[in-house]
Amino acid sequence: MRIDVITIFPGYLAPLREALLGRAISAGLVDLAVHDLRTWTRDVHQAVDDAPYGGGPGMVMRPQVWGEALDAVLALDERPARIVVPTPAGRPFTQATAQAWSGDERLLFTCGRYEGIDQRVVDDARRRDLTVDEVSIGDYVLVGGEVAVLVMVEAVVRLLPGVLGNPASAEQDSFSDGLLEGPAFTRPEVWRGLAVPDVLRSGNHAKIARWRRDRALERTAERRPDLLAALPEDALDDADRAF
Ligand SMILES: COc1ccc(Cn2ccc3ccc(-c4cc(N)[nH]n4)cc32)cc1
């Protein structure tokens with residue numbers, strides 16, 4: 001997978017070259033290129049923003065600079081790219097989104113700042129039949145798109161074959177079965193007077209699986225009843241319903 005990121009703060013994306021993601025890049029599983037938007041400015045001040053039409057607070061990012069940047073970065077590789085625009089006004093980015101995008105050949109992230117990017121940049125890309133997804137990583141407001149890109153790239157790249165040491169981790173993700181992950185324990189058996197649940201040390205794999213499923217159902221019902229309500233009809237078996 002090729003990943004391009006366009007931003008006025010390239011340094012914000014440095015963490016993508018650390019740890020697991022850094023190893024995925026070194027292993028050639030991911031090609032990452034970060035581009036400074038100001039490369040495509042033409043004025044001495046390298047202006048990327050201007051006042052909003054219609055008035056209102058803040059500034060809006062200029063379409064000309066973004067249009068030239070997008071055209072240039074898209075042209076760097078003939079593979080079709082999904083253009084991703086982080087925005088508070090986007091469709092929710094979920095585990096299902098990450099799963100879907102993990103099958104893409106190329107992702108191109110556009111990091112806005114100020115009050116966002118002139119809408120015509122997205123409109124122009126879409127009318128050229130480019131795939132453009134405007135996405136939100138949560139119902140809170142960030143200062144720019146860079147942090148959202150760190151989140152989305154990590155969620156997508158960890159799903160690529162060969163990235164996680166143990167593929168089962170991704171298959172048993174929270175949300176992979178529509179439920180939250182239950183509690184996890186490791187040594188010591190007792191810590192500050194708190195013991196590991198006996199069932200987990202029983203060696204009885206059927207009982208352990210049942211216990212873990214019950215804890216996941218319990219946690220989901222308590223913290224995310226919306227996820228429980230959204231489960232497909234056949235997602236819960238009789239034992240689940242009995243819980
Ligand atoms: C119109 O209201 C605002 C519009 C933009 C901003 C700041 N900003 C500029 C670009 C940008 C990209 C993504 C996000 C973002 C994404 C999520 N889930 N929260 N915040 C925020 C962003 C503040 C307010």
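Asp214 is buried in this predicted model, with a relative accessible area of 15%. That value falls below the 20% under which a residue counts as buried. Its partner in a salt bridge is Arg210, and the N to O distance of the pair is 2.8 Å. Arg210, at 26% relative accessibility, is classed as partly exposed. Helix 7, residues 205-223, holds both Asp214 and Arg210, and the two are four residues apart, about one turn of the helix. Some salt bridges share partners, and through them Arg2, Asp4, Asp77, Arg79 and Arg106 are joined into one network.

Over the whole structure, 21 salt bridges are found. Side chains of opposite charge can pair when their charged atoms come close. In the salt bridge between Arg128 and Asp71, the closest N and O atoms are 2.9 Å apart. Asp71 belongs to helix 2 (residues 63-74), whereas Arg128 sits in the loop between helix 4 (119-127) and strand 7 (131-136), so the salt bridge ties together parts that are 57 residues apart in sequence. Both ends of this pair are partly exposed: Arg128 has a relative accessibility of 39%, and Asp71 has a relative accessible area of 37%.

Another salt bridge joins Arg82 and Asp104, at 2.5 Å from N to O. This pair, too, links distant parts of the chain, with Arg82 in strand 5 (residues 82-92) and Asp104 in the loop between helix 3 and strand 6, 22 residues apart. Here both Arg82 and Asp104 are buried.

Arg82 also leads to strand 6, where Leu107 stands opposite Arg82. Strand 5 and strand 6 pair in the parallel sense, over three bridges. Strand 6 pairs with strand 1 as well, again in the parallel sense, over five bridges. Within that pairing, Asp4 has Leu108 of strand 6 as its bridge partner. Asp4 is also one of the residues in the salt-bridge network described above, as is Arg106.

How many of the residues of strand 6 are buried? Five of its five residues are. The cover extends to both faces of strand 6: one side carries Arg106, Leu108 and Thr110, the other Leu107 and Phe109, and all of these are buried.

Strand 6 (106-110) is also among the elements that give two or more residues to the largest nonpolar core, together with strand 1 (2-7), helix 1 (19-26), helix 3 (95-101) and helix 5 (146-157). Of these, helix 5 supplies the largest share of the core, eight residues. The core as a whole has 31 residues, and those with the most contacts inside it are Ile3, Phe93, Trp101, Phe109, Met152 and Val157. In soluble globular proteins, nonpolar side chains tend to be buried together.

Ile3 shows which parts of the chain meet around one of these residues. Leaving aside neighbours within four places in sequence, Ile3 is in contact with Leu107 and Phe109, with Val153 and Val157, and with Val30, Asp31, Leu32 and Ala33. Phe109 and Val157 are themselves among the residues with the most contacts inside the core. Apart from this core lies another, of 20 residues, which includes Ile6, Ile8, Val65 and Trp66.

Notes:
Residues numbered from 1 in each chain as written. Predicted model: local features only at pLDDT ≥ 70, side-chain atom pairs only at ≥ 80, totals over all residues. Heavy atoms only, no water. Core = buried A, V, L, I, M, F, W, Y, C linked by side-chain atoms within 4.5 Å. Buried < 20%, exposed > 50% of the residue type's maximum accessible area, 1.4 Å probe, protein only. Contact = heavy atoms within 4.5 Å. Salt bridge = Lys/Arg side-chain N within 4 Å of Asp/Glu carboxyl O. Pairing = 2+ DSSP bridges.
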